[in-house]
Amino acid sequence: MTSRIPRDSRLRLVRPRPLAAAPRAVNQRRPRRPAPRPPEGTPAPAELARMARTGLAGAVRVARWADSALGPGSDAATADGKATLSDATAERAAAGLGLDADRIRADWDTARLAGLIEVHGDNARPGWRLRAWDRDDSAVLRGWVALFDAWSLASPEPAEFEPAAVAEVVSAMPQVLSFLQLSAGPVPVEQLLDLLQQRVTELRTERCEVSYEPGAAGASGPAEPRPIADTPLAPLLDWALTALAAVGALTYGDGQATLTPLGSWAVWVKLEQICVAAQSPAGNIEQSAEDMLRGCAQLRPNAARAEYRAWLAARPVGSAVTELLAAARGDDALLRGLAFEALRVVGAPAEPEVHAVLDDPALRPYALLWLAEHDGVDPEDAHEVLTREEATWLWVDTAAAVADHGETSMLIRHLEAAVQPTVPTLLDEVRAVGHPRTVQVLVALAAAHPDPALAKAVRRAAFQVHTGG
């Protein structure tokens with residue numbers, strides 16, 4: 001049963017809150033609870049990761065080609081004047097990998113959506129997941145879930161249908177996927193179509209869009225209710241199931257659909273609102289800065305600071321600061337925030353090195369906050385040293401950390417950390433700031449948010465960023 005209580009689904013104002021608190025949001029954990037067990041028959045994580053590696057093999061191949069051919073110092077990077085997938089770059093990749101250009105473009109898009117490639121302006125570089133691909137099953141599964149969340153971007157939407165109708169189907173598909181997951185087997189498409197029709201009708205009812213029949217309303221009734229669009233849902237369901245099959249979430253054919261083991265597991269994860277937890281390595285003091293920070297990611301702030309102090313005490317301050325900043329320059333946004341938390345423990349000896357990274361756009365907001373707090377500014381007021389653009393970049397970077405390593409509810413709460421007063425303003429400025437993880441952040445937020453209108457607006461913004469619109 002679903003609620004029939006009318007809801008006002010308009011975008012609501014986001015209550016402003018100091019952005020200085022945002023990086024700390026990643027470490028705010030609810031009391032631990034026993035991890036729910038996946039449904040019987042779900043493969044082990046290692047087997048799921050093997051399936052994901054197989055499904056994303058083409059995307060990984062293109063990402064590794066881009067790492068070598070488009071990376072800094074490579075002659076090929078300047079052959080066409082830009083390190084993005086231009087026609088010339090696609091042809092070079094096709095020739096180098098023995099594939100056709102269309103296959104290269106499809107795998108490139110998949111790699112971007114899975115976080116294997118990040119594009120910074122005219123430069124492409126491998127995402128942090130690619131670095132961890134062969135050794136970290138958690139990174140692999142997170143990459144596949146990111147692609148699963150972005151299934152509607154992975155395949156072009158039907159041009160003959162209104163975008164609003166497409167958005168309704170995208171909003172309704174989680175219920176269809178949940179039904180497939182609970183069915184644990186093949187489901188006829190006709191049954192899925194009935195469910196989709198019911199869910200779309202519910203969405204329209206929640207927006208007070210009711211069918212209009214002449215003469216049905218009395219003289220005192222509404223003069224001209226908005227009619228329900230006469231859009232056939234069968235072609236849109238076919239598109240959705242085909243797109244989900246393309247990312248490996250289900251199999252589709254012979255008039256029925258079945259979730260793959262990966263798809264069933266991902267839907268269960270979404271239903272339980274849990275993430276694949278990053279494993280904390282043992283012996284943090286002996287680890288590199290990157291591994292130490294990963295090991296501290298699951299600790300509460302006080303326990304993490306104790307680990308930072310112990311790690312710093314075991315090595316010279318200068319080399320420790322250099323190593324922490326190197327970890328901060330990586331592609332994992334969580335490590336960036338944790339590295340500067342560790343640098344707060346270092347204190348004054350780190351000031352020259354922190355000053356030196358102010359010219360790095362990715363590190364500048366963190367460095368400015370660190371320097372402000374070091375100069376005695378109250379942490380709750382330190383965000384005032386940031387420009388609006390720097391604050392927005394930091395919001396997206398923190399959201400990327402939450403999307404990669406946090407819980408779904410944390411991502412929703414992170415909206416309150418934005419400096420923008422409304423969601424539309426936030427989306428406009430997020431699109432303009434050019435953060436390489438913008439698409440993944442918006443897709444994750446749209447998948448997590450329970451408000452259909454807000455999720456629709458965020459999903460539209462993600463599509464516009466993905467297509468360059």
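How many bridges join β3 to β5, and in which sense do these strands run? In this predicted model, two bridges join β3 to β5, and the strands run antiparallel. One place to see this pairing is V187, whose bridge partner in β5 is A257.

The pairing of β3 with β5 belongs to an open sheet of three strands, in which the order is β3-β5-β4 and the pairing is antiparallel. Because β3 and β4 stand at the edges, each with a single partner strand, one side of each is left without a neighbour in the sheet. On the other side of β5 from the pairing just described, the reader can turn to β4: four bridges pair β4 with β5, again in the antiparallel sense, and G253 stands opposite Q256 of β5.

The connection between these two strands deserves a closer look. β4 and β5 form a hairpin that has two residues between the strands, and D254 lies in its turn. In terms of residue ranges, D254 is found in the loop between β4 (250–253) and β5 (256–259). The phi of D254 is positive, at about 55°, although this residue is not a glycine. Most residues other than glycine have a negative phi. D254 is also exposed, because its relative accessible area is 82%, where the cut-off for exposed is over 50%.

A184 can be read alongside D254. A184 has its place in the loop between α8 (163–183) and β3 (187–188), and its phi is near 55°, a positive value in a residue other than glycine. With a relative accessibility of 70%, A184 counts as exposed.

From the loop that holds A184, the path back along the chain leads into α8, a helix that lies across β3, β4 and β5 and runs at about 75° to β5. Helix α10 (residues 233–246) also lies across part of the sheet, namely β4 and β5, and runs at about 130° to β4.

How, then, are α8 and α10 placed relative to one another? Their axes come within 10 Å and cross at roughly 60°, which makes α8 oblique to α10. The crossing in which α8 passes α10 is right-handed. On the α8 side the residues that meet α10 are A165, V166, V169, V170, M173 and L177, and on the α10 side their counterparts are L233, L236, L237, W239, A240, L241 and L244. By class, this contact of α8 with α10 has 13 nonpolar residues, with no polar and no charged ones.

Helix α8 also contains P174, which counts as partly exposed because its relative accessibility is 47%, a value that falls between the 20% and 50% cut-offs. P174 and K270 are 96 residues apart in sequence, yet their C-alpha atoms are 9.3 Å apart in space.

A second pair of helices invites a separate reading. The axes of helix α17 (residues 364–374) and α18 come within 9 Å and cross at roughly 105°, and α17 and α18 are therefore roughly perpendicular to each other. From α17 the contact draws on R364, P365, Y366, L368 and L369, and from α18 on E390, W393, L394, D397 and T398. The residues of this contact of α17 with α18 divide into six nonpolar, one polar and three charged.

Helix α18 (388–405) reappears in the surroundings of α12, where it is among the elements that cover the buried residues of that helix. Helix α12 (residues 289–296) is mostly covered, with six of its eight residues buried, and these buried residues are A289, M292, L293, R294, G295 and C296. Besides α18, what covers them includes α5 (128–131), α13 (301–313), α14 (317–328) and α15 (333–346).

A last stop concerns a single acidic residue, D107, which is found in helix α4 (residues 101–113). Is D107 buried or exposed? D107 counts as buried because its relative accessibility is 6%, where the cut-off for buried is under 20%. If its neighbours within four places in sequence are left aside, D107 is in contact with G58, A59, R61 and V62.

Notes:
Residues numbered from 1 in each chain as written. Predicted model: local features only at pLDDT ≥ 70, side-chain atom pairs only at ≥ 80, totals over all residues. Heavy atoms only, no water. Buried < 20%, exposed > 50% of the residue type's maximum accessible area, 1.4 Å probe, protein only. Contact = heavy atoms within 4.5 Å. Pairing = 2+ DSSP bridges. Axes fitted to C-alpha atoms, helices over the stretch in contact; angles between N-to-C directions. Parallel < 35°, antiparallel > 145°, perpendicular 65-115°, else oblique. Nonpolar A, V, L, I, M, F, W, Y, C, P; charged D, E, K, R; others polar. Left-handed = near helix turned anticlockwise from the far one by under 90°.
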